[in-house]
Amino acid sequence: MDKIKLGFALLLLIAGIAGFYYLSDSAMVIRVISVLAGIVLAAVVVWFTTQGKQFYAFSRESSEETRKVVWPTRKETMQTTGIVFGFVLVMALFLWMVDAGLLMAVKYLMGQEG
């Protein structure tokens, strides 16, 4: 039965999108409402499937877990950002020196000292 509901939800979604193109002579507001109606109706049908209920439970649990996260303070964020920028600068200088050294070595080996 869930497969039938999911198929019907897909048809509603397709109908909403088709309505957008079918109503090409209508105002843009009407066309957008057509798409939104298709999405909302499809979501309502999916809500009554097993997969829809599982998705809702997963979403609710994810939201609860997000509230448990200890977010960094502004000071901690600024310090971490500074460390990242510092590391990027040091790494860029290191890679530039390696590149310049390899360039000099290749020129030396090819006899193009200059």
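**One salt bridge, one buried serine, one long-span check**

Okay, let's start with Lys68: this residue is exposed, at a relative accessible area of 60%. Exposed here means over 50%, buried means under 20%, and partly exposed is in between, with a 1.4 Å probe and protein chains only.

Quick note on the source: this is a predicted model, where local features need pLDDT of at least 70 and side-chain atom pairs count only at pLDDT 80 or more, while totals for chains, interfaces and linings use all residues. Residues are numbered from 1 along each chain as its sequence is written, and side-chain values use heavy atoms, leaving out hydrogens and water.

So who does Lys68 pair with? Its salt-bridge partner is Glu65, with the closest N and O atoms 3.2 Å apart. (That's a side-chain nitrogen of Lys or Arg within 4 Å of a carboxyl oxygen of Asp or Glu.) A search of the whole structure finds just this one salt bridge. The two sit three residues apart in helix H3 (residues 50-68), so about one helical turn separates them. Glu65 is partly exposed, at 46%.

By helix I mean a DSSP run of H or I, at least four residues, numbered from the N terminus.

Now over to helix H2 (residues 28-47), home of Ser34. Ser34 is buried, at 15%. Beyond its neighbours within four places in sequence, Ser34 is in contact (heavy atoms within 4.5 Å) with Gly16, Gly19, Phe20 and Leu23.

Last, helix H4 (residues 74-109): its 36 residues should span 52 Å, and its end C-alpha atoms are indeed 52 Å apart. The expected span is 1.5 Å times one less than the number of residues. Just after H4, Gly111 has a positive phi of about 75°.
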